[in-house]
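User: Please take a close look at one part of this model and describe it in detail. I would like the paired strands and the turn that links them, followed by the cavities and the confidence of the prediction.

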Amino acid sequence: MLRPCWRRLPPAWRLAPWPSPRARAGVARSAPDEATVVRRALDAEDATVLLGLAHKHAAQLGEKGLTVMLYRYVAGGMSLPASGPERAQLHGLLGHVFVLVESGKLQVPRNIANTLWSLARLHRDELSKDEKKRAEVAGAANTILFQLAKAPHQLRLFDGTFVAWAIATIFGVGLEAHHASVLESICRGTAREAEAVPNRMWNVAWSIGTIFGKDAGGVHLDALNAIAEVAARIPERLDNQSVSNISWSLGHVLGEKASRLQIEAIDVLSGEAISRFRDGSFEPRHLTALVMACARMQHRHRELFSLALDADLGSSEWDPQCIARAALAVAKVDFMCAPGQARPGPSSKRFLSAAVAVLMRRRHLVPPDMWDVAHCLAAAGIADQGFFDLAFGSASSSIGHWPASGLSRLAWAASRCCLLSPQRASLISREAGKRTFAGFGAQDLSLLTWALAAASHPDAEVYRFAFGLDWRQADPESLGQVFQAHLTCKWEFPALGLALPPPVAASGRAHFLDAARQARSSHLHEGVSKALRRLQLEHASEHTTDDGLSIDIALPASRVAVEVDGPWHFLRTYTEETGKPNGSTAFKRRLLQAAGWRVLPIPHFEWETLENERARMSFLRRHLKPLASGILTQQAKAARHGGHGPGEQRVDVQGKAWTRKKK
């Protein structure tokens with residue numbers, strides 16, 4: 001039989017002569033084994049070399065070889081190629097790994113952990129943008145986790161930290177039973193021996209913060225406490241990423257409920273960070289994570305915040321995300337102060353002004369930076385028209401790329417700064433309806449409904465969907481906000497015919513009033529109450545109405561609500577107050593008026609100028625006179641009767657006299 005001669009074939013087909021059986025045997029004998037290929041892959045410094053090895057020897061690689069190749073590619077900081085042969089080779093490597101996963105041949109826990117982490121790390125930027133890619137990665141991750149859930153105790157803690165990070169990255173809050181069981185096993189191991197993996201325990205802490213947030217409890221909280229204890233004991237052994245991520249997780253999960261020991265752990269980590277930052281070995285992105293953690297705990301670490309306030313925001317090291325988060329932290333701590341706390345100093349005001357100016361000059365802000373700065377301005381009460389014009393201009397041109405949380409937070413911030421115009425409200429409401437509210441959780445809808453109600457621009461479609469949600473698992477703050485939107489529909493826009501179901505309304509009312517009762521009376525509040533007592537006017541401090549509203553000082557019989565407004569109730573520029581109430585304060589006054597109360601606001605900048613008790617009493621007489629007919633005339637008569645001891649007359653706020661009988 002004649003063998004075909006390759007020289008007679010067309011030029012395009014002339015790839016190579018057919019090798020003889022002896023030659024083919026030689027090729028087979030000279031092919032490197034799996035261990036050799038893996039060793040070459042570990043030594044490869046270039047993505048092209050690594051992917052070339054994987055493509056050339058894929059048929060010879062087993063479970064270990066394929067997973068090590070993938071892990072080496074991802075851990076080496078090599079990104080997903082946009083196009084070209086490298087992308088095709090990477091897809092080929094991923095395809096071989098997926099075949100292993102789907103066939104159940106991925107058995108070794110270390111290889112399972114490496115594969116899961118690599119998938120999450122490689123595709124993390126695509127997961128929120130490409131639903132198809134998310135479903136593909138989640139499907140492969142589910143198969144892996146099903147296998148791990150059968151025997152999670154076989155997973156070493158070091159490998160478990162990678163699995164925890166991957167679960168949080170791929171699935172976020174949408175955990176299923178087998179995800180939760182694997183994560184609980186990892187958390188139990190962390191609680192027992194966190195010190196064994198000092199620079200990997202941040203993966204577990206970050207996962208707990210990302211998935212559970214303030215709802216973390218049980219074994220997850222035990223793991224976080226163990227991590228905090230170890231971090232405070234050996235801060236010098238932690239790398240920068242561990243210091244920043246552990247701090248962020250503590251602040252995100254514990255917030256203002258942090259114990260003294262947990263705050264001490266943050267202080268220790270802050271001290272370590274300050275030392276490294278001054279040495280030039282601690283990047284701004286790590287520093288801002290610590291500052292945000294302190295802000296969430298309402299703990300102002302003086303030296304740490306001074307370091308942030310004195311930073312050169314114009315340098316290239318401070319990217320927009322760092323600036324936005326640092327500004328938000330400063331606003332939370334220095335501007336959203338409770339009654340009686342110190343007001344923001346000049347350095348905080350200068351920092352916010354500089355931060356927003358730098359961000360607006362750069363112009364290239366991604367949506368997360370936009371809504372962080374908007375939140376920062378709302379927290380500080382700074383109605384920066386220029387920034388909100390920029391933010392809404394960006395949103396209108398790329399609104400499809402804004403997640404639900406970003407749209408809701410932008411609407412909330414604009415409404416709080418009294419800058420949510422009908423056009424802006426309509427833009428966000430239309431987009432939410434266009435998406436059929438996909439991605440809008442209870443917290444997002446509570447922010448959006450509150451923003452629309454506070455700006456007096458309710459949208460029937462948004463409210464109808466929000467009021468129909470199951471709010472039983474919502475956090476108290478969200479319930480309080482949607483309850484205020486319910487009151488707006490009831491009193492100001494009854495024609496909409498929309499309302500919360502009675503059980504939800506009752507629950508929202510209870511949470512709203514609980515939050516109001518927790519507020520402590522300020523020195524300013526006590527001064528107004530004292531002046532009213534001197535005027536012998538019956539009043540109730542921190543009064544709650546049957547409708548679910550709270551009033552600073554109420555004169556119930558005459559339906560007069562005295563609202564004592566401190567600095568945090570007013571809008572300001574970067575340097576001074578404007579005297580204009582912010583969106584929250586104006587909204588509360590509107591609701592009180594809609595409920596039939598006559599509102600007397602007492603701004604702190606007017607009350608504090610009154611020199612003595614007589615001037616304060618005169619101020620109150622002058623402002624109460626048009627609100628309650630006869631109140632001051634009868635008060636004068638009561639004064640002539642010498643007070644209200646036994647057998648003496650006393651006057652209520654409507655001027656009706658009564659006599660206390662002698663015993």
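Analyst: The model is predicted, and the values below are computed from it.

The part in question is built from strand β1, residues 540-544, and strand β2, residues 550-555. The two strands run antiparallel and are joined by four bridges. One pairing can be named: histidine 543 has isoleucine 551 in β2 as its bridge partner. Together β1 and β2 make a hairpin, and five residues lie between them. In the turn, glycine 548 has a positive phi of about 100°.

The loop between β1 and β2 also holds threonine 545. Threonine 545 has a relative accessibility of 5% and therefore counts as buried, since the cut-off for buried is under 20% relative accessible area. Leaving aside residues up to four places away in sequence, threonine 545 touches Arg509, Ile551 and Trp597. Of these contacts, Ile551 is also the bridge partner of histidine 543.

Next, the cavities. The structure holds three cavities of 30 Å³ or more, and the largest encloses about 50 Å³ of space. Its lining consists of Gln484, Phe512, Leu549, Ser550, Lys588, Leu591 and Leu592. Ser550 belongs to the lining and lies within the range of β2, residues 550-555. The largest contribution to this lining is from helix α27, residues 583-594, with three residues. By class, the lining residues divide into four nonpolar, two polar and one charged. Lys588 is the charged one, because Lys counts as charged.

A different site, outside the hairpin, may serve as a reference for accessibility. Phenylalanine 146 is found in helix α7, residues 131-150. Its relative accessible area is 49%, so phenylalanine 146 is partly exposed; exposed would require over 50%. The C-alpha atom of phenylalanine 146 is separated by 6.3 Å from that of histidine 178, and the two residues are 32 apart along the chain.

Finally, confidence. The protein chain has an average pLDDT of 81, and 83% of the residues score at least 70. Over residues 1-29, however, the pLDDT is below 50, and this stretch has seven contacts in the model beyond near neighbours in sequence. Residues 338-342 also stay under 50 in pLDDT, with six contacts beyond four places in sequence.

Notes: Residues are numbered from 1 along each chain as its sequence is written. This is a predicted model: local features need pLDDT of at least 70, side-chain atom pairs count only at pLDDT 80 or more; totals for chains, interfaces and linings use all residues. Side-chain values use heavy atoms; hydrogens and water are left out. On a 1 Å grid over the protein atoms alone, a cavity is a set of points where a 1.4 Å probe fits but cannot get out, and a pocket is an open set with protein on both sides within 12 Å along at least five of seven lines; lining residues have an atom within 4 Å of a point. Grid points are joined across faces, edges and corners, and a volume is the space filled by probe spheres set on the points. Two strands pair if DSSP finds at least two bridges between them. pLDDT is the predictor's confidence in each residue, from 0 to 100. Contact means heavy atoms within 4.5 Å. Buried means under 20% relative accessible area, exposed over 50%, partly exposed in between (1.4 Å probe, protein chains only).
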